[in-house]
Amino acid sequence: MAKPKIATTSLAGCFGCHMSVLDIDDRILQLVELVDFDKSPVDDIKKFSAHCAVGLIEGGCCNQENVKVLRDFRKNCDVLVSVGDCAIMGGIPAMRNGIPLQECLQEAYLKGPTVHNPSGQIPNDPELPLILDRVYPAHEVVKIDYHLPGCPPPADAIWEALVALLTDKPIKLPYPLLKYD
Amino acid sequence: MSETITFTIDGKKIPAKKGQTIIRAAEEAGVYIPRLCWLKDLIPGGACRVCTVLVNGRPQAACTQPAAGGIVVQNETEELFRWRKNIVAMLFVEGNHYCMFCEKSGNCELQAVAYRFGITAPKYPHQFPQRAVDASHPDVLIDHNRCILCWRCARTARVKDGKPIFGVVNRGIDSQLAVGPEQLGETELKATDKAVEACPVGALMKKRVGYAVPVGKRLYDHEPIGSDIEKAGNPA
């Protein structure tokens, strides 16, 4: 039987959660015995090559591209897991959520104390994904099956969850592995 | 007034002094009832409702309800667990609780109760309210983003420090912690006041403390909140 496939992505995140995946240390050898990585920054595969058993989502949605990728993941994965606080509640990027988008852009590109922008333009190239009015937690955009909180979630928590999912067992995190920081 | 009465919590016999609240009698008997706004040795506030129990089948706040002889209290039912979990989840979404950079993280009671309940993500949509930080005081700051309106600072300041500095203004979702004069810096608050210690979350914080305790050594890193109470009541 072919090994199940895993896909991962970092949306509006910092890649810290992916670092935490790598932090499972030598268990990564066990992991590649258990699964194949499909679309993921880990192997740099850009497009889904097949349907995946598990999709790990890092980060919330701050722009159109994030939403597109997240929907693509929902379509191509049986189980989606929000990994980390950004996917779960927006995280640091969501600190802009209480502030109107126009004000954020002006502060970033025009008014900020360290801004040098002689053209006085706010980036508006069609190549750039359109920024959303606010940052959305992943589960407010698509259905998410499991949540692994943490900033980042401990490597052991990611490991426990993955092993449980791949062996069809319920995810039961021991108390010290459930953290929001 | 030291007449002893007996009642039960989830079938366990609990002795209580007459007039004692349910939460207090439970605590002394080694039964943990989850709570956020209650502090031992402080007048109860009945603000958070996390300590809701069923008294003879009716929901009551265990922190304000006096124990009475023979009452049947339920503390650990699926329904109560769901209510409490929902209250805590709502507290998370109605404020801005960024645990990842909060100095209180690991020692925060809101977070600890959520850990104990096993909440991995709040099921309600995040409100992302725009709230202010009051840094006008030289030694203490108020971060309204994290305030859960438990009134613990207000009650402690009034009763223990003798300074009626804090109150809550507005109603419903607009409720907000307020200080006597406009800003904290204009009050008589001192960093050593008991009110500062009373905050269960990172809303009322001493400045220049930072992340004083390393991860792994903080209050709730290894054992759920309430474990100390349960251990004291059930020695191995």
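Helix α6 of chain A, in this predicted model, has these buried residues: A:Ala155, A:Ala157, A:Ile158, A:Trp159, A:Ala161, A:Leu162, A:Ala164 and A:Leu165. What covers them? The cover includes strands β1 (5-10), β3 (52-58), β5 (77-83) and β7 (146-148) of chain A, along with helices α1 (16-22) and α2 of that chain.

I checked the length of α6(A) as well. The helix takes in residues 155-166, twelve residues, and at 1.5 Å a residue the expected span is 16 Å; the C-alpha atoms at its ends are 16 Å apart, so the two agree. After α6(A) comes A:Asp168, with a positive phi near 60°.

Next, A:Val35. This residue sits in the loop between α2 (27-34) and β2 (36-37) of chain A. Is A:Val35 buried or exposed? Its relative accessibility is 1%, so A:Val35 counts as buried. If we set aside neighbours within four places in sequence, its contacts are A:Lys3, A:Pro4, A:Ile6 and A:Leu166. A:Leu166 belongs to α6(A), the helix I started with, which covers residues 155-166. From A:Val35 to A:Ala53 the C-alpha distance is 9.3 Å, with their positions 18 residues apart in sequence.

Now chain B, and its sheet. The sheet is open, with five strands in the order β2-β1-β5-β3-β4 and mixed pairing. Which strands stand at the edges? They are β2 (12-17) and β4 (58-61) of chain B; each has a single partner strand, so one side of each lacks a neighbour in the sheet. On average, neighbouring strands are turned by 40° against each other, ignoring direction.

At the β2(B) edge, strand β1 (residues 4-9) of chain B runs antiparallel to β2(B), and six bridges join the two. Within that pairing, B:Phe7 has B:Ile14 as its bridge partner in β2(B). Helix α2 (residues 78-94) of chain B packs on the sheet and touches β3 (52-55), β4 and β5 (72-74) of that chain. The helix direction makes about 150° with that of β3(B).

Last, the cysteines. How many disulfides does the structure hold over all chains? Zero. For B:Cys51, the closest cysteine sulfur is that of B:Cys63, at 3.8 Å, which is too far for a bond, the cut-off being 2.5 Å. B:Cys147 is in no disulfide either, and its nearest cysteine sulfur, in B:Cys153, is 6.5 Å away. As for accessibility, B:Cys51 counts as buried at 2%, and B:Cys147 counts as buried at 13%.

Technical notes. Residues numbered from 1 in each chain as written. Chains lettered and ligands numbered in written order. Predicted model: local features only at pLDDT ≥ 70, side-chain atom pairs only at ≥ 80, totals over all residues. Heavy atoms only, no water. Buried < 20%, exposed > 50% of the residue type's maximum accessible area, 1.4 Å probe, protein only. Pairing = 2+ DSSP bridges. Helix = DSSP H or I, 4+ residues; strand = E, 2+ residues; numbered from the N terminus. Axes fitted to C-alpha atoms, helices over the stretch in contact; angles between N-to-C directions. Contact = heavy atoms within 4.5 Å. Expected span 1.5 Å × (residues − 1).
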